[in-house]
Amino acid sequence: MKVGFAMHHCPHCGMKVKENEHFCIKCGKQLPQDLSERLEDQKVFNKLWYIPIALLAVLLLSAGTYYVFLQQQTADAKSLYNKAEDLTMDGKYDEAEDLLHSALEQNKHFSQAEVALSYVQKAIQIENSLSEAKEALAQQKFQEALTLINEAEKELKNFNGDAVKPLISNITAHRNTVKIEELKYRLQQKPSIDDLKTLVWEAEAIKTDQGKEITADIRNQIVDYTFSKASEQLNDKQFADALLIVEDGLNYAPESEKLLSLQTTIEKEKIAFETAQRQRIEQAISSAEKERKLNENDAIELVSVDVSSDEQGKLVVKGKVKSVATIPINTILVEYSLLTKTGTEFLSNKVYVYPDTLYPDETGEFEFTHFDIDQKGKDITIKVDKIKWYTDQ
């Protein structure tokens, strides 16, 4: 058989008491003589537990409501951040800055928004610098404009990502524009050949269509100058100097067919000249006769010859010849004279045909730029005096 014991409590404070106690040991009040009253007060005591439970429920409800509020703020902040990110990609930095400020008002601990805001504010400063650079360019203050652009680019060293790429591209485009305009200005000042050799590398570093166009133009000027100066040395039988001039020109225009052909011509002319010297020593009389017969041969036909002025105002001689020989001929030299409209000769010159070797019925071209003649091409006529060549036989 199981025996149960009823627990008695003070009806005033709820303290456990014994049956034989008359006063509560906690609150000191007199206990009811009727023991059942001590039992009934237990129910009153148990109801006191509802108070903390109710408080806990209120706290949980408040916390849940606050959490939902914070979640909504976070969602709003993220939405504003995403819109600002799209505007940043489109370069609308002022609008993006306003949205990022609003996002941080919604969530002041939004670290991504803080970083983005820092970038956007920096981008606004950079755009202002680019505007200043544009104004400096309009005043032809090229170095000032480049300095502003370079300093603006340095401001981006701590940023990366897709949003930064459009701004970097914008900076690069502004820099290329400044460099292109500076090159055009310097080319208008009629730079020396040494200056052109420096400018060609500056132009080549600009990877745009305009940069390529200017590079090609500078290279053509270097080629024309090199060809003319090397030809002058070749005509004076200064083969070593002529080769050095051509080799230097090829450093700036390595694929120039005109210079490569001239280089081959110089080398062959050098060999031919040295051979001719040995032959003159060994067979002076027979050598003179062979040279005379060679000069009387009709292996070359003059197709056309013209003199005109190029875009830079330089006098340019151009012409074509055709081989009517039955064997290959090479190292074709055209000697010509320049005359005034009245027929007075004021200059004679020699120029080699390219390609160096012509086969039967093939045509070749020759071209020479006179850098030290101020007269216009329309005021000058040209006369071909003699054409010389060599054969391999």
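Trainee: Which residue forms a salt bridge with R175?

Mentor: Happy to start there, keeping in mind that this is a predicted model. The closest N and O atoms of the pair are 2.6 Å apart, and the cut-off for a salt bridge is 4 Å. The pair links distant parts of the chain, with R175 in helix α6 and its partner in helix α5 (residues 142-154), 22 residues apart. The partner of R175 is E153.

Trainee: How many salt bridges does the count come to?

Mentor: Side chains of opposite charge can pair when their charged atoms come close. R175 with E153 is such a salt bridge. By the 4 Å rule, the count comes to 14 salt bridges.

Trainee: Which helix gives the most to the negative patch on the surface?

Mentor: Good one! The patch of negative charge gathers D94, E95, D98 and E127. D94 is found in the helix you are after, and that helix, residues 93-106, gives three residues to the patch. The name is helix α3.

Trainee: How far does helix α4 reach from its first C-alpha to its last?

Mentor: Helix α4 covers residues 111-138, which makes 28 residues. At 1.5 Å a residue, 40 Å is expected. After α4 comes Q140, with a positive phi near 60°. The reach of α4 is close to the expected value, at 41 Å.

Trainee: Where is K190, with its positive phi, found?

Mentor: K190 is not a glycine, yet its phi is positive, about 55°. Its place lies between α6 (165-188) and α7 (193-204). K190 is found in the loop between those two helices, α6 and α7.

Trainee: Which residue does a cis peptide bond join to Y354?

Mentor: The omega of this bond is about 5°. The partner is found in the loop between β6 (345-352) and β7 (357-358). The residue joined to Y354 is P355.

Trainee: What UniProt annotation covers residues 9-31?

Mentor: In the model, the end C-alpha atoms of residues 9-31 lie 9 Å apart. The span is 0% helix and 13% strand. The label comes from an unreviewed UniProt entry, and it reads "domain: Zinc-ribbon".

Key: Residues are numbered from 1 along each chain as its sequence is written. This is a predicted model: local features need pLDDT of at least 70, side-chain atom pairs count only at pLDDT 80 or more; totals for chains, interfaces and linings use all residues. Side-chain values use heavy atoms; hydrogens and water are left out. Patches are made of residues with over 30% relative accessible area and no salt bridge: like charges are joined within 9 Å, nonpolar side chains (Val, Leu, Ile, Met, Phe, Trp, Tyr) within 5 Å. Accessible areas come from the Shrake-Rupley method with a 1.4 Å probe; for residues, only the protein chains shown count as cover. A salt bridge is a side-chain nitrogen of Lys or Arg within 4 Å of a carboxyl oxygen of Asp or Glu. Lys and Arg count as positive and Asp and Glu as negative; His and the chain ends are not counted. The place of a charge is taken as NZ of Lys, CZ of Arg, CG of Asp or CD of Glu. Helices (H or I, at least four residues) and strands (E, at least two) are DSSP runs, numbered from the N terminus. The expected span of a helix is 1.5 Å times one less than its number of residues. UniProt positions are given in the numbering used here, feature names are shortened, and annotations may be inferred rather than shown by experiment.
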